[in-house]
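Biologist: Please give me a close account of the surroundings of the ligand in this model. I should like each residue placed in its element and set among its contacts.

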Amino acid sequence: MQMPAVELHVHLEGTLEPEMILALAERNRVELPYADLDDLRSRYSFVDLQSFLDLYYANMAVLRTAEDFHDLTTAYLLRARDAGVRHAEVFLDVQAHTGRGIPAAEVVDGVTSALARSGEHGLTSGLIVTFLRHLPGADALATLRELLALDAPLLGVGLCSTELTSHASEFAPAFDLARASGLHVVAHAGEEGPPQNVVDALDILHVERVDHGVRAMEDPALVARLARDRVPLTVCPLSNVRLRVVDTLADHPLRAMLDAGLVVTVNSDDPAYFGGYLDENLRQVAQTLDLGPDELHTLARNGVEAAFVDDARRAELG
Ligand code: HPA
Ligand code: ZN
C-alpha cells in the first residue's frame with residue numbers, strides 16, 4: 001500500500017521535545033519554570049490555540065545558537081525519516097527568535113545547514129518562513145527583507161499564530177514581495193478562524209496552499225471553489241483534537257473533505273506537543289475514520305501533488 005510520504009505542515013519549533021528542552025536549557029544555562037520533565041509534561045494540556053501558543057513560545061527560550069537550531073532540525077529529519085517521510089517542507093518562526101535577540105542569520109544558518117544534509121537521511125526538504133500574525137505586518141515585511149538580504153535559501157513564506165486578531169491585508173505587502181521574489185506562499189487559515197479567513201488567504205495573499213483549512217467545510221461555496229481549483233489543504237488531525245478544533249478524532253472532517261474532492265494532506269503540525277509525528281497521525285486517522293487503501297493512496301497522491309518540488313522529484317515521489 002502506498003502510504004503518504006510527504007510532510008507539508010510541520011513547525012520546527014513544534015518538534016522541540018520535552019527532553020530536548022531540558023537538555024538545551026542546561027547547555028545554554030537557561031532557567032526554566034519547571035521542576036522536572038514530569039512537571040513540564042504536565043503543562044501539555046490545551047484548551048485552544050492560544051493556550052498552546054503560550055507554552056510553545058515560552059519553550060523557545062532554550063533555543064539560542066545556530067548549533068541548537070541545527071540539532072533541532074536534524075532530530076526532526078531523523079524522526080521524519082523513521083515515520084516514512086521522503087520530502088518535508090518545514091516551517092520556521094524566525095520572528096519568534098529575532099524578537100528575543102537571536103540574529104536571523106544564526107537561526108537560519110543552524111536550520112539550513114541541517115536541512116542541507118537531508119539527503120544523508122534519505123529525504124528532500126525545503127524551508128518556509130512563517131510570519132507571526134500577532135505581530136504587525138510591517139515586521140513581517142522587514143523580516144522578509146532581512147532574509148532576502150542574507151540570501152537565505154527559502155522555499156517560501158507562510159503565516160501562522162492566532163487568526164483572531166488581525167486581517168490578512170496587513171500581510172499583503174510581505175506576501176507581494178515574497179511572490180515577486182519567486183517564493184512560494186502558504187498561510188494558516190480556517191483553523192480557529194472562520195471560512196472567510198480562507199477566502200482572504202486566497203484573494204488577498206494569493207496562497208498556493210492553505211494550512212489547516214478545516215473550517216472551510218462550514219461554507220459549501222468555498223469547498224466547491226477549493227475543490228475546483230485543486231487548492232491543497234494541509235490538515236493536521238491530532239493538532240485539531242488537542243487544540244479543540246474538533247471534539248474528538250471521530251468528529252474530524254477529514255473523510256468528508258476527501259469525499260468533497262478536496263486536495264487534503266495529513267501532517268503533524270507540532271508533533272512534540274500534540275502526541276505524534278506523521279506516522280501516528282496517519283495511524284490514528286486511518287483507524288478512527290476507517291480509511292482504507294484507496295483513501296490512503298489519495299492522501300499520498302495529494303501530498304505529492306501539493307509539494308513544491310520540480311517534475312523530476314515529483315515523479316520520484318509519486
Ligand atoms: N496554528 C497557528 N500557529 C501555529 C500553529 C497552529 O496550529 N502551530 C504553531 N504555530
Ligand atoms: Zn501549523
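Modeller: Helices (H or I, at least four residues) and strands (E, at least two) are DSSP runs, numbered from the N terminus. This is a predicted model, in which local features need pLDDT of at least 70 and side-chain atom pairs count only at pLDDT 80 or more, while totals for chains, interfaces and linings use all residues. Residues are numbered from 1 along each chain as its sequence is written, and chains are lettered from A and ligands numbered from 1 in the order in which they are written.

The shell of ligand 1 consists of His11, Gly14, Leu49, Cys160, Ser161, His188, Glu191, Ser239, Asp269 and Asp270; a residue is near the ligand if its C-beta atom, placed from the backbone, lies within 6 Å of it. Sorted by class, these surroundings comprise 2 nonpolar, 5 polar and 3 charged residues (Ala, Val, Leu, Ile, Met, Phe, Trp, Tyr, Cys and Pro are nonpolar, Asp, Glu, Lys and Arg charged, and the others, Gly among them, polar).

The unreviewed UniProt entry lists His9, His11, His188 and Asp269 under "binding site". These positions are spread over 261 residues of sequence, yet they cluster in space, with 11.7 Å as the largest C-alpha distance. The "binding site" annotation of the unreviewed UniProt entry also covers Asp270. UniProt positions follow the numbering used here, feature names are shortened, and annotations may be inferred rather than shown by experiment.

Histidine 11 belongs to strand S1. Histidine 11 counts as buried because 26 C-beta neighbours lie inside 10 Å (buried requires 20 or more other C-beta atoms within 10 Å, exposed 12 or fewer, partly exposed lies in between, and C-beta atoms are placed from the backbone). Apart from residues up to four places away in sequence, histidine 11 touches Phe91, Asp93, Asp269 and Asp270 (contact means C-beta atoms, placed from the backbone, within 7 Å).

Aspartate 270 sits in the loop between strand S8 (263-266) and helix H13 (271-274). Aspartate 270 is classed as buried because it has 23 other C-beta atoms within 10 Å. With residues up to four places away again set aside, aspartate 270 touches His11, Gly14, Tyr56 and Ser239. His11, Gly14 and Ser239 are also members of the ligand 1 shell.

Histidine 188 is part of strand S5 (residues 184-189). Its 29 C-beta neighbours inside 10 Å are why histidine 188 counts as buried. Beyond four places in sequence, the contacts of histidine 188 are Gly158, Leu159, Cys160, Glu163, Asp211 and His212. Cys160, one of these, is itself in the shell around ligand 1.

Serine 161, another shell residue, is found in the loop between S4 and helix H8 (172-180). Its phi is near 80 degrees, a positive value in a residue other than glycine. Serine 161 is buried because it has 22 C-beta neighbours inside 10 Å. Aspartate 151 offers a comparison: its phi is near 60 degrees, also positive in a residue other than glycine, and its place is in the loop between helix H7 (137-149) and strand S4 (156-160). Aspartate 151, however, is exposed, because it has 8 other C-beta atoms within 10 Å.

Strand S1, the element of histidine 11, also holds valine 6. Valine 6 is buried because 28 other C-beta atoms lie within 10 Å. Leaving aside neighbours within four places, valine 6 is in contact with Arg86, His87, Thr265, Gly303, Val304, Ala307 and Leu317.

Strand S1 (6-11) is further among the elements against which the buried residues of helix H4 pack, together with helix H1 (18-28), strand S2 (87-92), helix H6 (104-115) and helix H14 (278-288). Those buried residues of H4 are Asp68, Phe69, Leu72, Thr73, Tyr76, Leu77 and Ala80. Phe69 and Thr73 are among the contacts of valine 111, as are Leu12, Leu92 and Leu127, once neighbours within four places are left aside. Valine 111 is in turn named, with Val90, Val157, Ala174 and Ala201, as having the most contacts inside the largest nonpolar core, which has 91 residues (a nonpolar core joins buried Ala, Val, Leu, Ile, Met, Phe, Trp, Tyr and Cys residues through C-beta atoms within 7 Å).

Definitions and conventions
Two residues are in contact if their C-beta atoms, placed from the backbone, lie within 7 Å.
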